[in-house]
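Please walk me through this model in the viewer, one selection at a time. I would like to know what to pick next and what is found there.

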Amino acid sequence: MTRWADMATSDAHVNVWAVVSLAYLVSSLTGAVNIGFIYHESYNASIVLTTTLPYIAANNASPLVGIVEIRLAEGNSVDVIQKVCEEVKNNTVGFVVVSPCRLLTLLEAAVGGLDVPVLGVHTDPCHHRVTVPSSFRVQPPSEYRHNAITSLLRAGGFVQVAILTDVSEAQVTHFRSLLSGAFVESSVTYMYGGYNARTATALLSRVTENDDTTTCLILMLGEQSLKEVSRLLNTTEDDFEDNIAIVVPSSAVSSTHGLEGFAKFHDVLYISAARPNFPSDVKSFNTTDAHVLDSFMALSTAINVNVATADNVTTKRCGDSYIGISSVAQRVTHSLRQLETNSTLFDNTGQNQMSFYNIDRLRYENNTLTSEHVATWSRRGGLDVPRGTELFRENTKGLGNITLRVGTTVAAPFVMKLPNNSGWEGFCVDILDELAARLNFRYELIQSPDEFWGTVDEDGNWNGVVEMARKKSIHLGIGPISLTSERERVIDFTKPYMEEGAGIILRRFEDKSSKIFRVFKPFTESVWLSVAGAVLVVGFTLALVNHLSPIKQQQQEEEGEGGSRRRGISTSDNIWIVYESYMEQGCEISPPNISGRFILGFWWVFTILMVASYKANLVAFLTVNFVGKPIRNIDDLADQTAIKPLVKQGSNLYQELQKGETETFRKLWAMVKTAPSVKNNDEALDLVLTGDYALLTDQSQIEFLRMTDCENLMSGETPFNVGGLGFIVPESSPLLEILSLNLIQLQEAGLTEKWRHRWWSPSATCPTSSQASTVQSLELESTSGPFLVFAGSTTLALLCLGVECVYFRVVGRGRVCGKSGTRETEASISSEGNTNETF
C-alpha cells in the first residue's frame, strides 16, 4: 500500500509531543506497523511488489505489516528525507532502500539519528563502509566475493589471471594478495568512472597474445560496463577460444541480458550474489531482487518478534520537525543483529556475514543466453561442486590433462621411494606435484634402468636419465641433475630450481687417546717445557737481581750497624717464590728494590695471561669430542691416503674427476679408481660407516644423510664445484618455456624454500657444526706473547738495576756493584728469639 500523511507540526515542542502521542495512540489500537520501500526510479520494483506481500504472508509474518512505497529520483533527496520523516511518524519501523551508493549513504545518514533500521541494497559499486549504527548492508563484504573467486581459480588450476575492474584499489589489492597466497599471478586494469573502450580493447588484445597457458579473464564490473564489454566482444575479431572468463558483477544487476558477447570465450562462469531458498515462482529473481526480497523477509521477521511488546515513544528531530519514534524500531534494530535468515546474518557493524554465491555457466545457444548451475560457494562450506558436474565445460587449461612420462632415479631427499614401492616422495616430487596442479597434467615416474643420472663415455654414448630424455622416451627428467655444458649439447635444461655444490661426508673419527691426561692438552709439550723453564729462569734472575741490588746491600749494612742481621733468601727460595706466584698462591715476601719488583710484578701479569689461556682452552677440551683426522675440504682429502674417496658412477662429479682438469681432481681420481664402485647413496654409506672411505656427492644430499645419523657421520666444511640443479627435457621440447616460467614462480612465491625446510629440517641432536670439533692444542707461537712481555719486563728490570748501581756509586752510599765485600757481621740472634728474613 502507498500512503502519504501530511501532518502539521508546531514549533513548540509540547505541541509536537501531543500530536505524536495521539498518532501513536491510534496506531497502537490497530497494531499496524509498516516497512518503507525506497527505490531509485531506475529500478523495476514491480516484480518485488507483486511477490513480496504474499510471500511474507505465506511465511508466518504478521498480517499487520504493510509496505510504504517511496520512489527516489535524482535531485529530490530532500523531499525523500521529508517523506521518510512522515512515515516514521506514522509508525514505519524500518526501511529497505535500493539505490546507487551515493544516495544510499545520504539516506543512511539522514535516518541514522532516528534509530530506525535501514537495509540498503546498492546498485553500483559502493566503497563506503557502514558508519550509522542502525544501517545494514545486504550485500556481503567484498572479501567474501574475493574468496569465492580465489577458490574457483584454485579449483580450475589457473596460474595467470587478468583483472578488469571498476572497484577501489584497496579492494583489488586485498584480492591480489589472496591470489598471491594461492600462487596465482595476476595483472589488473582499472576502469574508473565507467566503461572505457580503449582500456577494454587493450586488455582483450593482451589476453589473446598470451599463448603459453590458458589465461583467465576476471571482469569485476557494474552492469552497464559488463554490457559494454559484451558489445565490444561482439565487434572484435580476436579469438578467445582458448580463454576463460569469470564474470563477477561488482554491484547488484537486474539480469544477465546483454552479456551474449562473452560467448566468444571457451567458457564463461557467472558468479551472482546470494539467493535465498525461495519458492519456485520467485527463483527467477535476479540478484537485486533476491537481495530486496531477503531484506523484507529479515525486517518482517524482526518486526514479528517485537510488534506485540509494549511500545514507548521518544521524540527526535527529523528534517525540520520533531517526530515520535516507536521503541519497536529500536528493538527491531537489535533483533536484526541476532537474526539469521536464508542469506542474511548481520554483525555489529551492519555487514552481512551470510555470504553465499551461485556459480553459473553462461551459454549462448539458439540466439538465447542460458545459464547452467555448476557450483555454489559459502563462507562456511567453501566451494561446493555437485557430484557429476564439471566446473569447466572442457578441461583445456594448462597442458590439457595429458600424462607425462617423467624419468628419475633414487637420490635422497630429492627423489625417494615410499615403503613397499607404493609411490614416490621427496623434494623434486613436491615440485612436480605443484607443477602438475598448476599446468593440469598427470605424470608417471619411470626409474632409470641403470640408476644413473647421465654421463657420456669416450665413444659419445650416454646413459641414465639424460639418455632417456635424449631418446625422447620421457617427456621430463627430475632430480638433482647438475647443469653442465656437455649435457646441454644433447638435452635442454629448465631454469635452475636451486643452487648446489658438492661436499664430503665421512665417518666420525673420535680421539682414542686416554682422557686421564686430557687436562694437559690445552698446551703442547713445547709450551709446558717453556713454562717450566720460565719458572727456573725467572727464579735465578730474581735471585741475581736481588743479590746485586745496592738497596739490598745498603739494607744489610744498616742492619749490621744496628746490631742485628736478617737471614738472606737463597736462590732456591727465589725459585719457589716464582713458582708460588705462577700457581696463584701469593707470597708474603716482596723485593725491596725496584728491579726485583719489576721482575716479580710482570711475572704476575705473565701468570694471569697464561692461566687464562689454559682455562679457556681446557673447557673446550673437556666438553667437546675431538676429530682425530679432520678433513675439511677436498684438498685435505687429496693430500692424504688413509681415507679413499667414493663417487657415484653416472654422476656429473664422477665425470669431472675423470677429466682431471686440476691437480686436486687428478689426485682424487687416482684414489677413486682403486676404490669400490657405487651407484647410489646407500651403497656408499655402508662403505663409509664400515671402512676408511669418504663419499663425494651433492651438498644437499650430504646434509640429509648427515641428519639421519649425525652421531656417526660428519661432513666437510667447504663445498666445491658449485652449480645449478634443474629439470631436463628433450631438445626443442614445447614444455621447456612453460616449466621454466613456473619454476621461477615457485621460487618467487617461496614454495621451494618451504619444501627445502621440510626435507632438510635439522635434527635437535645434531651439532651445528659439521665437524666434531675445531679445537686444537695451542702452539708455542700462539702463546709467545706473554713470553715476549715478560722478556721485555726483565730487560727493563736489568736497566733499573744499572741505574741503581750508578746512583749509589755516584752518591757514595753503596759499594761497587758486583763485589762481594760485604761486611762480615755475624750478629747474634736477638734476645727475643726472632729471626727476620729479607732478600
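## Starting points: three cysteine stops

Select cysteine 428 to begin; with a relative accessibility of 0%, cysteine 428 counts as buried. What you have open is a predicted model. Next, move to cysteine 800, which is also buried, because its relative accessible area of 18% is under the 20% cut-off.

Now show cysteine 85 and cysteine 318 together. A disulfide joins the two, with an S to S distance of 1.7 Å. The elements at either end are worth colouring: cysteine 85 belongs to helix H3 (residues 77-89) and cysteine 318 to strand S11 (residues 313-318), so the pair links distant parts of the chain, 233 residues apart. Rotate to look along the bond: the torsion about S-S is -80°, and the link of cysteine 85 and cysteine 318 is left-handed. Cysteine 85 and cysteine 318 are both buried. The structure holds 1 disulfide.

## Threonine 165

Go to strand S6, residues 160-165, and select threonine 165 there. Is threonine 165 buried or exposed? Its relative accessibility is 0%, so threonine 165 counts as buried. Draw a distance from the side chain of threonine 165 to the backbone oxygen of methionine 220; the value is 3.1 Å. Then display the surroundings. Leaving out residues up to four places away in sequence, threonine 165 touches Val172, Val188, Thr189, Tyr190, Met191, Met220 and Leu221.

## Valine 292

The next selection is helix H9, residues 287-306, which contains valine 292. Valine 292 counts as buried, because its relative accessibility is 0%. Which residues is valine 292 in contact with, leaving aside neighbours within four places in sequence? Show Phe37, Tyr43, Val48, Val96, Val98 and Val121 as sticks to see them. Add alanine 45 as well: the C-alpha atoms of valine 292 and alanine 45 are separated by 9.4 Å, although these positions lie 247 residues apart in the chain numbering.

## Aspartate 430

Select helix H11, residues 427-439, and pick out aspartate 430 within it. Aspartate 430 has a relative accessible area of 12% and is therefore buried. Beyond its neighbours within four places in sequence, aspartate 430 is in contact with Trp755, Arg758 and Trp759.

## Helices H19 and H20

Select residues 652-659 for helix H19 and residues 663-672 for helix H20. The axes of H19 and H20 come within 7 Å and cross at roughly 110°. H19 and H20 are therefore roughly perpendicular to each other. Which residues meet between H19 and H20? On the H19 side, show Tyr654, Glu656, Leu657 and Gln658; on the H20 side, show Phe665, Leu668, Trp669 and Val672.

## Confidence

Finish by colouring the model by pLDDT. The protein averages 75, and 76% of the residues score at least 70. Two stretches deserve a separate selection. Over residues 279-283, pLDDT stays under 50, and the model has 5 contacts there beyond four places in sequence. Over residues 819-839, pLDDT again stays under 50, and the model has 33 contacts beyond four places in sequence.

Notes: Residues numbered from 1 in each chain as written. Predicted model: local features only at pLDDT ≥ 70, side-chain atom pairs only at ≥ 80, totals over all residues. Heavy atoms only, no water. Helix = DSSP H or I, 4+ residues; strand = E, 2+ residues; numbered from the N terminus. Buried < 20%, exposed > 50% of the residue type's maximum accessible area, 1.4 Å probe, protein only. Contact = heavy atoms within 4.5 Å. Polar contact = N/O pair within 3.5 Å; in protein donor to acceptor, adjacent residues only side chain to side chain. pLDDT = per-residue confidence, 0-100. Disulfide = S-S within 2.5 Å. Axes fitted to C-alpha atoms, helices over the stretch in contact; angles between N-to-C directions. Parallel < 35°, antiparallel > 145°, perpendicular 65-115°, else oblique.
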